[in-house]
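New to this one? Have a look at the sequence and the model first, then work through the briefing below.

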Amino acid sequence: MSRTIHIIGAGLAGLAAAVRLTPLGSKVVVHEATAFAGGRCRSYHDASVGMTIDNGNHLLLSGNRAALEYLHRIGAGQRLVGPAKAEFSFVDLASGERWTLRFNDGRLPFWILDPKRRVPGTRALDYAPLARLLWPSAGKAVGEVIACEGLLYQRLVEPLLLAALNIDAPHGAARLAAAVVRETLAAGGRACRPLIAREGLGATLIEPALAYLQERGAGVRMEHQLRALRLAADRAEVLEFGGEAVTLDANDAVILAVPPYIAASLVHGLTVPTEFRAIVNAHFRIEPAAPMPPILGVLNGTVQWIFAFPGRLSVTISAGDQLIDTQREDLAKTIWNEVARVTGLPATLPPWQIVRERRATFAATPAQDARRPGPITNWRNLVLAGDWTDTGLPATIEGAIRSGNRAADIVASSPDLRR
Ligand SMILES: Cc1cc2nc3c(=O)[nH]c(=O)nc-3n(C[C@H](O)[C@H](O)[C@H](O)COP(=O)(O)OP(=O)(O)OC[C@H]3O[C@@H](n4cnc5c(N)ncnc54)[C@H](O)[C@@H]3O)c2cc1C
């Protein structure tokens, strides 16, 4: 019998599920509350800078296998760009030092043995304790597993974990840090090449997916917010979209790919993460000074990373909760001051925009990590997806896409979903 799979939410988790299910023959309909797809990973035209920008810079790594497979499937595999080798340039605002970390391709970390490749001021032996981060015991925070001090921590571990977990590193769940380290640093330089959506997140990750779905007959309904989910004892029965109710047939299924606070409001009794961390991005319309690496790590400043795009420099500040209430112009000036110092560009503030995402990711603490549910629910035709479900990864594009794939596989493999 033909079945319809309703996917609620057109963020990356929902889109990944739709892209995976559409070729399999079921009817797929994606319902998105807002007027745009992409959720927390989107582009828009910004009047202040007069150009299309992303809500925030998103970095992928060459080891993000699900994200790369998704891009390949939607025909956008070539749209991520990055250096041929895993290289990361840094500048320390306090000391003025500059260096470039150069990982070697293979799993054996020869780069640690080479003073010109490793973190300046560190010795090869300093890296040994990092092994403790590979398989930590359950429920521990990073600060309980490794010493969060010293040059190696300040210049490598902290920037890496702050960016990947979006939380002050010592408070981050060691389990999530371990997954990041295993899939990047420990997997060798081949898995660590930085990849950027140079033409924008929309043109790279979102629009090609929408085109892929449209070409294959999937429905994508924008401004179609799920307002309520009527649940019987063991299955979801009705989707209420405000003025329109969709009754589910016996083997129809629902993938709920909305943020955790929305999922909890639709499905009472669901345990979900309840704390979040912000990410602040600042965008400046200016031609980057040549030569400039595509991404530059900044230590001992407000700025954490500077991304160079054609005609624009964009700054990312993770776990930026303390900046949420700072006056916008003051923040733009503070950030630009640091960018100008680092790049040698004029101190005059160019056209700018600040985008503050208050709930950019769930707070990746051990306690919040423990609140992440798996995809299976008490209702046999209702499956969960989203970066906040228990993927074993922090809230990232890779995690969102894996969660969407997982939900799609569950739905595809069983028309009669049981616990
Ligand atoms: C500023 C910023 C920077 C980031 N940087 C990085 C990075 O560098 N690298 C990285 O890997 N990740 C990064 N992330 C994280 C990444 O963006 C997210 O992990 C990912 O986009 C989450 O996708 P999702 O589909 O799980 O959730 P969402 O993107 O939140 O999608 C949920 C969708 O559901 C919709 N929705 C909500 N309620 C309803 C409803 N009732 N009915 C219908 N639809 C509904 C929403 O509108 C939204 O479109 C960053 C995030 C932010 C905010």
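Is V267 buried or exposed? It's buried, with a relative accessible area of just 1%. Bear in mind as you read that this is a predicted model. The points below go through the loop that holds V267, the nonpolar cores, the ligand, two helices and a few single residues.

**The loop between α7 and β15**

- V267 sits in the loop that runs between α7 (260-266) and β15.
- Leaving aside residues up to four places away in sequence, V267 touches L229, L231, L256, W379 and L382.
- Measuring C-alpha to C-alpha, V267 and L24 are 28 Å apart in space, with their places 243 residues apart in sequence.
- G269 belongs to the loop between α7 and β15 too, but G269 is exposed, with a relative accessible area of 79%. The cut-offs explain the two labels: buried means under 20% and exposed means over 50%, so V267 at 1% counts as buried and G269 at 79% as exposed.
- G269 and G121 are 148 residues apart in sequence, and their C-alpha atoms are 51 Å apart in space.

**The nonpolar cores**

- The largest nonpolar core has 64 residues, and L101, L165, L239 and L256 are the ones with the most contacts inside it.
- Helix α4 (residues 151-165) gives this core its largest share, seven residues.
- There's another core apart from it, made of 44 residues, with L201, A209, L213 and A407 among them.
- L256 has plenty to show if you click on it: not counting residues up to four places away in sequence, it touches I8, L226, L229, A263, L266, V267, L382, V383, L384 and A385.

**Around the ligand**

- How many residues surround the ligand? There are 33, and the closest are E32, H58, L59, D387 and I397.
- Sorted by class, that shell has 16 nonpolar, 13 polar and four charged residues.
- D387 has a polar side-chain atom 2.7 Å from an oxygen atom of the ligand.
- L226 comes in through its backbone: an N or O atom there lies 2.9 Å from a nitrogen atom of the ligand.
- N57 also uses a polar backbone atom, which is 3.4 Å from a nitrogen atom of the ligand.
- On its own the ligand would expose 1,000 Å², and the protein buries 92% of that.
- Four elements give two or more residues to the shell: α1 (12-21), β15 (276-285), β19 (352-362) and α10 (397-413).

**Two covered helices**

- Helix α1 is largely enclosed by the rest of the structure, because nine of its 10 residues are buried.
- Those buried residues are L12, A13, G14, L15, A16, A17, A18, V19 and L21.
- The cover over the buried residues of α1 includes β1 (4-8), β2 (27-31), α2 (65-73), α6 (201-215), β14 (253-256) and α10.
- Helix α5 is mostly covered as well, with seven of its 10 residues buried. They are A174, L176, A177, A178, A179, V180 and V181.
- The buried residues of α5 pack against α3 (142-145), α4, β19 and α9 (366-369).

**Two residues with positive phi**

- N166 is a residue other than glycine with a positive phi, near 55°. You'll find N166 in the loop between α4 and α5 (174-183).
- Is N166 buried or exposed? N166 counts as buried, at 2% relative accessibility.
- E223 isn't glycine either, and its phi is positive too, near 50°. It lies in the loop between β10 (219-221) and β11 (228-231).
- E223 is exposed, with a relative accessible area of 61%.

**A serine in strand β7**

- S89 is part of strand β7 (residues 87-92), and S89 is buried, with a relative accessible area of 16%.
- Which side chain does the side chain of S89 make a polar contact with? That of T100, at 3.2 Å.
- Not counting residues up to four places away in sequence, S89 touches W99, T100, P293, I295, L296 and G297.

Technical notes: Residues are numbered from 1 along each chain as its sequence is written. This is a predicted model: local features need pLDDT of at least 70, side-chain atom pairs count only at pLDDT 80 or more; totals for chains, interfaces and linings use all residues. Side-chain values use heavy atoms; hydrogens and water are left out. Buried means under 20% relative accessible area, exposed over 50%, partly exposed in between (1.4 Å probe, protein chains only). A polar contact is a pair of N or O atoms within 3.5 Å; within protein, one must be able to donate a hydrogen and the other to accept it, and residues adjacent in sequence count only if both atoms are side-chain atoms. Contact means heavy atoms within 4.5 Å. A residue is near a molecule or strand if one of its heavy atoms lies within 4 Å of it. Accessible areas come from the Shrake-Rupley method with a 1.4 Å probe; for residues, only the protein chains shown count as cover. Ala, Val, Leu, Ile, Met, Phe, Trp, Tyr, Cys and Pro count as nonpolar, Asp, Glu, Lys and Arg as charged, and the others, Gly among them, as polar. A nonpolar core is a set of buried Ala, Val, Leu, Ile, Met, Phe, Trp, Tyr and Cys residues joined through side-chain atoms within 4.5 Å.
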